[in-house]
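User: Please take a close look at the enclosed space in this model and at what surrounds it. I would like a single connected account with the cut-offs stated.

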Amino acid sequence: MVSIEDIPVEQRWEIAARAASAIPFAYDIAFREAIGEKYDEIERPIYIEAGKEFKNLASALGLPTGNAREINDTSGIIMTILYGPEFKGETTEEGDDRTVGKVTQCPILNRAVEMGVDPQIVALTACQTAGKSAVENLNPGFTLQVNKSMCSGDPYCEKVIERRK
C-alpha cells in the first residue's frame, strides 16, 4: 500500500507550495473577466486578511517582530514556508529602524507566467497589498514601501521596511 510517507517531505512541500501559489491566479482567470474593473477592489480585502495571517504564523512559530530586521527575516521565513523553496531573497540594508530586502526569485511571478496571465495585472497589486498588511500586522509601528517589482519588469523586488514616522 502507498502512503503519504512514501513521498519525501521536500517533494510534498514543493507540490503544496506550487498549488498554493497557483490558486489566486485560477480565481483571477475565472472571475476577472466576469466581474471587470471591480475585481481588484473585491480582491483587496482578501489580501489584507492574508497579510494578517503572517502575525498568527509568527506568533505560533515564536518568530521575532520587534524591529525592521526581525520583521524582514520573519516575513522571508513565512513566505518560504507558504510558497516553498522557489522563494529567494536577500537583505541589502539592515537596521532596527529600516531594512531593505530584495526578492530575486518569486514563485508567485513564476505561477503567473506559467499560467499565461500578466503578472502586472494579476499579481502586482495583490502582492503589495498582502506585503504591506503582513508588515503592519507583524508590528504596527512599521510599514512597507515597494520600490521595485519583478511583476512590473524590474530584475528584482525591492522592499523597504521602516519605522512609521
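How much space lies in the largest cavity? Which residues line it, and which of them lie nearest its centre?

Analyst: The model is predicted, so local features need pLDDT of at least 70 and side-chain atom pairs pLDDT 80 or more, while totals for chains, interfaces and linings use all residues. Residues are numbered from 1 along each chain as its sequence is written, and side-chain values use heavy atoms, without hydrogens or water.

About 80 Å³ of space lies in the largest cavity. A cavity is a set of points on a 1 Å grid over the protein atoms alone where a 1.4 Å probe fits but cannot get out, and lining residues have an atom within 4 Å of a point. Points are joined across faces, edges and corners, and a volume is the space filled by probe spheres set on them. The lining of the largest cavity consists of 13 residues, and nearest its centre are Leu124, Cys127, Ser149, Cys151 and Cys157. At least two lining residues each come from α4 (107-114), α6 and β4, with helices (H or I, at least four residues) and strands (E, at least two) taken as DSSP runs numbered from the N terminus. α6 makes the largest contribution to this lining, with three residues. By class, the lining has ten nonpolar residues, two polar ones and one charged one; Ala, Val, Leu, Ile, Met, Phe, Trp, Tyr, Cys and Pro count as nonpolar, Asp, Glu, Lys and Arg as charged, and the others, including Gly, as polar.

The largest cavity is one of three in the structure of 30 Å³ or more. The second largest has a volume of about 50 Å³. Its lining is made up of Met79, Phe87, Val103, Cys106, Ile108, Cys127, Cys157 and Lys159. Cys127 and Cys157 therefore appear in the linings of both cavities. Seven residues of the second lining are nonpolar, none is polar and one is charged.

Lys159, from the lining of the second largest cavity, belongs to strand β4. Leaving aside residues up to four places away in sequence, Lys159 touches Thr99, Val100, Gly101, Val103, Cys127, Leu144, Gln145 and Val146, where contact means heavy atoms within 4.5 Å. Val103 and Cys127, among these contacts of Lys159, also line the second largest cavity. The C-alpha atom of Lys159 is 25 Å from that of Ala19, a residue 140 places away along the chain.

The structure also has open space. The largest pocket holds about 920 Å³; a pocket is an open set of points with protein on both sides within 12 Å along at least five of seven lines. It is lined by 43 residues, and Phe54, Met79, Tyr83, Ile108 and Ala130 are the closest to its centre. Met79 and Ile108 line the second largest cavity as well. α1 (9-35), α2 (39-61), α3 (68-83), β1 (88-93), β2 (98-105), α6 (124-138) and β4 (157-163) each give at least two residues to the pocket lining. α2 gives the largest share, nine residues. The pocket lining counts 26 nonpolar, ten polar and seven charged residues.

Three of the helices that contribute to the pocket lining, α1, α2 and α3, can be followed through their packing. The axes of α2 and α3 come within 10 Å and cross at roughly 100°; axes are lines fitted to C-alpha atoms over the stretch in contact, and angles run from 0 to 180 degrees between N-to-C directions. The two helices are therefore roughly perpendicular, a term for angles of 65 to 115 degrees. Phe54, Leu57, Ala58 and Leu61 of α2 meet Thr74, Ser75, Ile78, Met79, Ile81 and Leu82 of α3. This contact has eight nonpolar and two polar residues, with no charged ones.

α1 and α3 have axes that come within 7 Å and cross at roughly 95°, so this pair is also roughly perpendicular. From α1, Trp13, Ala17, Ala20 and Ser21 meet Thr80, Ile81, Leu82 and Tyr83 of α3. Six residues of the α1 and α3 contact are nonpolar, two are polar and none is charged.

Technical notes:
Parallel < 35°, antiparallel > 145°, perpendicular 65-115°, else oblique.
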